[in-house]
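This report covers charged side-chain pairs and one strand pairing. Please read it alongside the sequence and the structure.

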Amino acid sequence: MPQDVIAEINHKKLTAVQIVKRAFFIIIGAVLMGVGLEEFLVPNKILDGGIVGISIILSHLTGFKLGLFIFILNIPFFYIGYKQIGKTFALSTLLGITILSFTTSLLHEVPVFTNDPLLATVFGGIVLGAGVGTVIRFGGSLDGTEIMAILVNKKLPFSVGEVVMFFNIFIFGIAGFVFGWDRAMYSLIAYFIAYKVIDIMIIGFDESKSAWIISDDHKNLGDAILARLGRGVTYLTGEGAYTGDDKKVIFCVITRLEEAKLKSIVEEIDPSAFLAVANISEVRGGRFKKRAIH
């Protein structure tokens with residue numbers, strides 16, 4: 001295959017509409033994170049994790065603005081992100097971090113929404129998670145910790161998630177000495193809430209599930225799923241490793257609200273069928289759109 005064709009396959013430029021859409025949502029996400037930090041967490045001495053957490057500690061100790069530390073400490077990760085992930089990711093991250101830095105600076109003198117540490121923890125975590133999740137969903141990042149974790153993962157026998165967790169435990173430990181252990185515990189709660197909200201923003205509220213069914217009565221099962229759930233099915237051919245027998249595998253995609261109905265259909269038609277259900281973060285194309293139920 002010619003090199004120019006390979007290059008075109010490997011890298012397809014974004015359209016102007018896609019660029020504007022991505023930039024818009026990254027800006028919205030960065031502003032939301034700035035609000036979560038300056039209007040909820042930072043005034044109540046509650047931390048986020050990662051590079052932002054370090055920035056909050058340094059800002060508190062030195063008196064310099066939070067946005068300055070967020071931008072400076074993330075500079076090395078723009079370059080690393082460009083090398084490891086790509087130009088689009090690096091530019092998206094640069095835009096997000098820049099907007100976040102400006103937002104925190106502009107909101108620094110704005111009266112806070114609440115001085116109650118519990119309310120600040122809960123709502124700060126929600127707003128911050130919504131902002132970070134939006135930026136990640138549209139191809140950027142607001143913190144270099146994950147990029148650093150990817151590099152460490154290549155050198156040490158730890159997963160990316162484990163590296164991030166160790167790093168954040170270290171940060172919250174420092175927060176205990178700087179702000180007090182009650183604030184460190186509030187910070188852990190805020191981080192957990194933000195983490196769950198990030199998942200919701202990336203995966204979405206209408207979480208989809210994939211179902212794999214192995215059954216000798218696959219035709220009746222497939223017809224029942226189509227008729228009673230309104231979902232299309234795909235028949236795959238498999239082979240039992242132990243028996244060597246040919247097997248038909250039914251594959252379909254459902255919503256989480258339809259999982260119980262699917263299980264009841266399988267139990268009713270073939271109680272001995274093998275059923276595996278897994279979460280899917282995103283579904284595109286094909287005929288996933290729900291058909292009318294007869």
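In this predicted model, Glu258 and Arg231 form a salt bridge whose closest N and O atoms are 3.0 Å apart. The two residues belong to distant parts of the chain, 27 residues apart: Glu258 is in the loop between β3 and α11, and Arg231 is in the loop between α10 and β2. Both Glu258 and Arg231 are buried. Elsewhere, Lys209, Glu259 and Lys263 are joined into one network by salt bridges that share partners.

Within that network, Glu259 pairs with Lys209, and their closest N and O atoms lie 3.7 Å apart. This pair, too, links distant parts of the chain, with Glu259 in helix α11 (residues 259–269) and Lys209 in strand β1 (residues 208–214), 50 residues apart. Glu259 has a relative accessible area of 17% and therefore counts as buried, the limit being under 20%. Lys209 falls under that limit as well, so it is also buried, at 12%.

A further salt bridge joins the side chains of Asp223 and Lys219, at 3.2 Å from N to O. Asp223 and Lys219 are separated by about one helical turn, because they are four residues apart in helix α10 (residues 218–228). Asp223 is partly exposed, with a relative accessible area of 36%. Lys219 is also partly exposed, at 46% relative accessibility.

The structure holds seven salt bridges; the table gives three of them, including the two that link distant parts of the chain.

| Acidic residue | Basic residue | N to O distance |
|---|---|---|
| Glu258 | Arg231 | 3.0 Å |
| Asp223 | Lys219 | 3.2 Å |
| Glu259 | Lys209 | 3.7 Å |

Side chains of opposite charge can pair when their charged atoms come close.

The strand pairing involves β2 and β3. Strand β2 covers residues 234–239 and strand β3 covers residues 246–255; the two run antiparallel and are joined by six bridges. Which residue of β3 stands opposite Gly238? Lys247 takes that position. Together β2 and β3 form a hairpin, with six residues between the strands. In the turn, Gly244 has a positive phi of about 80°.

The loops of the Glu258–Arg231 pair border these strands: the loop holding Arg231 is between α10 and β2, while the loop holding Glu258 is between β3 and α11.

Technical notes. Residues numbered from 1 in each chain as written. Predicted model: local features only at pLDDT ≥ 70, side-chain atom pairs only at ≥ 80, totals over all residues. Heavy atoms only, no water. Pairing = 2+ DSSP bridges. Salt bridge = Lys/Arg side-chain N within 4 Å of Asp/Glu carboxyl O. Buried < 20%, exposed > 50% of the residue type's maximum accessible area, 1.4 Å probe, protein only.
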